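Visitor: Please take me through one part of this model at close range. I would like residue-level contacts and the packing around them.

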Amino acid sequence: MKPTLLVLAAGMGSRYGGLKQIDPIGPAGETIIDYSIHDAIKAGFGKIVFVIRESFENEFKNLFNKKLEGIIDVDYVNQEIDKIPQGVNYHPEREKPWGTGHAILMAKDAIKEPFAVINADDYYGAEAFKTMADFLTSEVNDTEYGMVGYQLANTISENGSVSRGVCQTNDQSHLVNVIERTHIERIEQGIAWKDEQNEWHVMNENTTVSMNFWGFAPTLFQHLEQQFKDFLEKKGQELKSEFYIPSVVAQLIEEGNANARVLNSSAQWFGVTYREDKEKAIKAINDLIQKGEYPSQLWNK
């Protein structure tokens with residue numbers, strides 16, 4: 001059974017200033033998602049599932065259905081703020097959904113096989129998809145999950161702060177813990193994260209971080225459902241609390257319910273967190289085309 005690729009594409013791009021998921025960066029109008037899907041197909045994935053918002057569902061489907069028809073199976077699920085367990089309430093003034101853990105949970109009825117998770121606005125590299133596909137077809141099981149790890153220095157935006165899951169591993173390359181740092185940027189002293197008291201903490205540039213490239217068995221969904229319900233009962237009245245997938249995995253590890261192996265990759269990473277990141281992404285794709293990594297036009301449609 002071929003693994004599935006779950007693409008988290010429901011973000012509204014507040015820092016970017018628009019729907020960065022479908023903003024073209026390739027010479028024939030390709031998005032970053034197009035390159036991820038191309039790499040996933042080449043690596044052996046058999047289906048794509050998009051997590052999107054109802055507000056741009058038609059626009060999204062019109063774009064990708066045309067490109068991918070006859071090439072790979074495609075499905076769509078919606079992430080909305082009110083898609084939560086019955087009997088749980090949230091703050092009436094909250095405006096955005098509940099984060100990456102919530103987004104993945106939306107796909108529980110669409111995925112029955114091992115699957116990988118990626119962000120729509122991140123470029124992960126062909127090697128990383130091959131590494132993940134090999135893991136999902138030969139090593140993943142009900143309690144053994146995986147994550148592609150990247151070096152912190154290769155994941156920083158020059159145009160503002162980023163959020164990263166900082167990873168701690170043991171001698172068997174399993175995650176011991178992953179801590180979400182929500183404000184990391186390069187300052188005069190080096191790469192650092194800022195705490196709630198606005199104090200900076202310098203980090204090692206080779207620190208392994210999560211870019212939300214995870215590999216799971218379908219058993220993850222039952223864990224997500226329980227943890228999400230617990231999360232809402234504790235933090236559902238907060239306006240900006242988020243249910244992060246790294247925190248979900250960290251809890252599973254702590255409770256002994258699962259392991260997560262770090263699959264190290266030297267693949268090139270880049271993303272478009274900010275509008276100013278787009279120019280760099282375009283140049284990076286053009287460089288890869290010049291090197292023969294991609295054709296000048298991905299899809300012959």
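Guide: What follows is a close look at helix H6, then at two buried side chains and a helix pair. Keep in mind that the model is predicted.

Start with the helix. H6 spans residues 245-255. Its buried residues are Ile245, Pro246, Val248, Val249, Ala250, Leu252 and Ile253. What do they pack against? Two of the partners are helices, H3 (100-105) and H5 (220-235). The others are strands: E6 (144-151), E8, E11 and E12 (259-264). Just past the end of H6 sits Gly256, with a positive phi of about 75°.

Two of those strands lead to single residues. Take E11 first. This strand covers residues 208-216 and holds Ser210. Is Ser210 buried or exposed? Its relative accessibility is 5%, so Ser210 counts as buried. The side chain of Ser210 also has a polar partner close along the chain. One of its polar atoms lies 3.1 Å from the backbone nitrogen of Asn212. Beyond four places in sequence, Ser210 touches Met147, Arg164, Gly165 and Cys167.

Now E8. This strand runs over 175-187, and His174 is in the loop that joins strand E7 (162-169) to E8. A loop position does not leave His174 open here. Its relative accessibility is 14%, so His174 counts as buried too. Which side chain does His174 meet in a polar contact? The partner is the side chain of Glu144, at 2.9 Å. Glu144 also appears among the contacts of His174 once neighbours within four places are set aside. The rest of that set is Gln168, Thr169, Asn259, Ala260 and Arg261.

Last, a helix pair. H1 (residues 32-43) and H4 (residues 126-138) have axes that come within 8 Å. The axes cross at roughly 45°. That angle makes H1 oblique to H4, because it falls outside the parallel, antiparallel and perpendicular ranges. The crossing is right-handed. Which residues meet there? From H1 come Ser36, Asp39, Ala40 and Ala43. From H4 come Ala126, Phe129, Lys130 and Ala133. By class, this contact has five nonpolar residues, one polar and two charged.

To recap the two single residues: Ser210 is buried within a strand, and His174 is buried within a loop. Each has a side-chain polar partner, Asn212 through its backbone nitrogen for Ser210, and Glu144 through its side chain for His174.

Methods:
Residues are numbered from 1 along each chain as its sequence is written. This is a predicted model: local features need pLDDT of at least 70, side-chain atom pairs count only at pLDDT 80 or more; totals for chains, interfaces and linings use all residues. Side-chain values use heavy atoms; hydrogens and water are left out. Helices (H or I, at least four residues) and strands (E, at least two) are DSSP runs, numbered from the N terminus. Buried means under 20% relative accessible area, exposed over 50%, partly exposed in between (1.4 Å probe, protein chains only). A polar contact is a pair of N or O atoms within 3.5 Å; within protein, one must be able to donate a hydrogen and the other to accept it, and residues adjacent in sequence count only if both atoms are side-chain atoms. Contact means heavy atoms within 4.5 Å. Axes are lines fitted to C-alpha atoms, for helices over the stretch in contact, and angles run from 0 to 180 degrees between N-to-C directions. Angles under 35 degrees count as roughly parallel, over 145 as roughly antiparallel, 65 to 115 as roughly perpendicular and the rest as oblique. A crossing is left-handed if the near helix is turned anticlockwise from the far one by less than a right angle, and right-handed if clockwise. Ala, Val, Leu, Ile, Met, Phe, Trp, Tyr, Cys and Pro count as nonpolar, Asp, Glu, Lys and Arg as charged, and the others, Gly among them, as polar.
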